Amino acid sequence: VEAKQCQLKDPMDLLNSGQVVKICAPMVRYSKLAFRTLVRKYSCDLCYTPMIVAADFVRSAKARESEFTTNKGDHPLIVQFAAKEAQVLCDAARIICPFADGIDLNCGCPQRWAMAEGYGACLINKPELVQDMVRHVRNQIDNPRFSVSIKIRIHEDLKRTVDLCQKAEATGVSWITVHGRSVEERHQPVHYDAIKIIKQSLSIPVVANGDIKTLKDAENVHHLTGADGIMVARGLLANPAMFAGYEETPLKCIQDWVDIALEHGTPFTCFHHHLMYMMERITSKQEKKVFNVLSSTSAVLDYLNDHYGV
């Protein structure tokens, strides 16, 4: 399979290149450095970190060490923050600025704890606060190449979403990622028509997100919405080689994950969970029963060697 990865390293150049930008979503526990390293080998153009609570990140060195690791090859990289105060988001952006290409404000997380804290998807109902946060970061970060983006869900009344996006655009947001579901919707079909309307209402890049499982899906959603980028979460967990055109995880990718995870000292649970996702489509029910209860790295390595020659 011909793996085509865009060589541009600046997210704004990527999103304005006319090519569909292939993006790894911010995923709690999963889109950490080792996994980002893996998907970048398989034609992923741009990666996000998992969501980090900005207030904790600013306050605690321990939080910074556990939440964020990177290296030279880990670019272009967007760090996603949960925040509800402009100055806290700025302080977090200032700390991260030397190590990343931009920050993203999470305005889409529908989890109850996040909404209760004033984070995530409840921000789509506070366009002025979103504007304020974007404006502050824009004013306080000296680097003009440093991007400030937002990731949102849609309202039942799409006019409100368009209004939010246009206000964010007027304040200098770099691009907007749209998950095409409302806060209440979980497994309902994604409203790609809504993403298309949002794209047509803005002059900045728009990234489409939601239910994209294969490279074919990504191409279809691009045609349906006109989006400049396609962001994938679960589809990449199940098949990290998806953007390179593989229908299911190739053994080479599993081998790469083992090598990368061991090199990065990935904790066992995370190492094992990724493999469970990757092997979902290529293992029988019986094999899953055995593989999913293995409890040490050496047991997993023996199993992979015995069954797959990995």
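This tour visits the largest pocket of a predicted model and then two of the residues in the pocket lining.

Begin with the pocket itself, which has a volume of about 860 Å³. Its lining comprises 31 residues; to find the centre, select P26, M27, R153, A233 and R234, the closest to that point. Colouring the lining by class shows 14 nonpolar, nine polar and eight charged residues.

Next, select the secondary-structure elements that contribute to the wall. β6 (147-153), β9 (229-232) and α11 (234-238) each supply at least two lining residues. Of the contributors, α11 gives the most, with three residues.

Now select P26, M27, V28, Q80, H179, A233 and R234, which an unreviewed UniProt entry lists under "binding site". From this set, the lining of the largest pocket takes in P26, M27, V28, Q80, H179, A233 and R234.

Move to V28, in the loop between β1 (21-24) and α2 (33-41). This residue counts as partly exposed because its relative accessibility is 44%, a value between the 20% limit for buried and the 50% limit for exposed.

Finish at A233, in the loop between β9 and α11. A233 has a relative accessible area of 24% and is therefore also classed as partly exposed. To see its contacts, display A25 and M27: A233 touches both, leaving aside residues up to four places away in sequence. M27 and A233 also appear together among the residues closest to the pocket centre, and both are named in the UniProt "binding site" listing.

How values were computed: Residues are numbered from 1 along each chain as its sequence is written. This is a predicted model: local features need pLDDT of at least 70, side-chain atom pairs count only at pLDDT 80 or more; totals for chains, interfaces and linings use all residues. Side-chain values use heavy atoms; hydrogens and water are left out. On a 1 Å grid over the protein atoms alone, a cavity is a set of points where a 1.4 Å probe fits but cannot get out, and a pocket is an open set with protein on both sides within 12 Å along at least five of seven lines; lining residues have an atom within 4 Å of a point. Grid points are joined across faces, edges and corners, and a volume is the space filled by probe spheres set on the points. Helices (H or I, at least four residues) and strands (E, at least two) are DSSP runs, numbered from the N terminus. Ala, Val, Leu, Ile, Met, Phe, Trp, Tyr, Cys and Pro count as nonpolar, Asp, Glu, Lys and Arg as charged, and the others, Gly among them, as polar. UniProt positions are given in the numbering used here, feature names are shortened, and annotations may be inferred rather than shown by experiment. Buried means under 20% relative accessible area, exposed over 50%, partly exposed in between (1.4 Å probe, protein chains only). Contact means heavy atoms within 4.5 Å.
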